[in-house]
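Please open the structure in your viewer and keep the sequence beside it. The stops below are meant to be selected in the order given.

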Amino acid sequence: MSNFFGFFKKGFSKTADRVATIFGQAQLDEDSIEELEEMLYTADFGVETTEEVIDTIRSAYKKDKSFREKSAGEIGAEVLIRQLEGSEGQLKKGEHQPHVICMIGVNGSGKTTSCAKLGKHLQDTGHSVLIAAADTFRAAANEQLKEWCDRLGLPLIASQQGADAAAVAYDAYAAARARNADYLIIDTAGRLHTKSNLMDELAKIKRVLAKQDSEAPHSSWLVVDGSIGSNSIQQARVFNDSFPLSGLIVTKLDGTSKGGAIVAIYRELQKPVYYVGLGEKPEDLKPFDREDYSRAVFGLSEL
Ligand code: GDP
């Protein structure tokens, strides 16, 4: 089992366990197909995806009643893989240097920890990284990011609480350029899309960055908590309306039986998912892989 698949399998075990309970019956029948349908709804896959999975499994079952759990899982995973076509974001190194990634999200979504985890992931894969603490709204956010960066050996540009977030971003960009950093990851204040002052602050960060590189930020990612059900979809939709997002990080997919949110969010927004959060440890942020995800959700082994 590859390292990545292992993480997906572990991360989505709660969702997969429910599938396994249904498929645990010796042979599939109409009742277990209905149970599966219920499970897919409650795991937040959304109506369209659930119906497509169920319809496909049901018509296969009608053709062959000896149909078993394995084939049902394979069919389900294939439907998801198809639905998730185009969903895998891939950071391209070298198009811009530094490549600026702006992390956006509401408080508690996992934004700050994802900044640190992403920094580590990029550093571990041979890139030079600089982190900017532009969440100047809460002193605790700066502290938290500093602790993570110290622990992981990541360079950080920070400022005092109450400082102008856009000024931090501007200085950080200049520092990243002077140091030839490949990536600059900017942590921004947790905000609700309804807080217009904070949404204005985001626009200002974008404006000052553009003074140094007209295309910066090159990536604007919404960090969204995947365990909060349809709220996460609503949140992503509204953020996207007020600030142009280029992609998503979906966190907290471990420890929840709602692993389907990722499909519903992608279907709704059609924005690539770059990374998924599968735990609290530094290595628990993984590039999204639709095949690993879909097979793990249905409790299958790696291809
Ligand atoms: P922020 O307010 O958006 O910056 O959120 P934080 O980064 O401070 O994260 C809030 C909480 O969620 C912290 O306790 C994190 O450890 C936790 N967290 C973040 N990502 C994940 C994840 O992928 N899985 C789990 N289980 N917890 C996470």
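The tour goes from the ligand site to a strand and its partners.

The model is predicted, so to speak of local features requires pLDDT of at least 70 and side-chain atom pairs count only at pLDDT 80 or more, while totals for chains, interfaces and linings use all residues. Residues are numbered from 1 along each chain as its sequence is written, and side-chain values use heavy atoms, with hydrogens and water left out.

Select the ligand together with the 18 residues around it, of which Gly-108, Thr-112, Thr-113, Asp-254 and Glu-280 come nearest (near: a heavy atom within 4 Å). Now display the polar contacts (pairs of N or O atoms within 3.5 Å): a polar side-chain atom of Thr-113 lies 2.6 Å from a ligand oxygen, and an N or O atom in the side chain of Glu-280 is 2.6 Å from an oxygen atom of the ligand. Taken alone the ligand exposes 590 Å², 80% of which the protein buries (Shrake-Rupley method, 1.4 Å probe).

Colour helix α6, residues 111–124, which gives the shell its largest share, four residues (helices are DSSP runs of H or I, at least four residues, and strands runs of E, at least two).

Move next to strand β4, residues 183–188, where six of the six residues are buried, so the strand is largely enclosed by the rest of the structure (buried: under 20% relative accessible area, 1.4 Å probe, protein chains only). Tyr-183, Ile-185 and Asp-187 lie on one side, and Leu-184, Ile-186 and Thr-188 on the other.

Finally, add strand β1, residues 99–104, which pairs with β4 in the parallel sense over five bridges (pairing needs at least two DSSP bridges), with Val-100 as bridge partner of Leu-184.

Technical notes:
A polar contact is a pair of N or O atoms within 3.5 Å; within protein, one must be able to donate a hydrogen and the other to accept it, and residues adjacent in sequence count only if both atoms are side-chain atoms. Buried means under 20% relative accessible area, exposed over 50%, partly exposed in between (1.4 Å probe, protein chains only).
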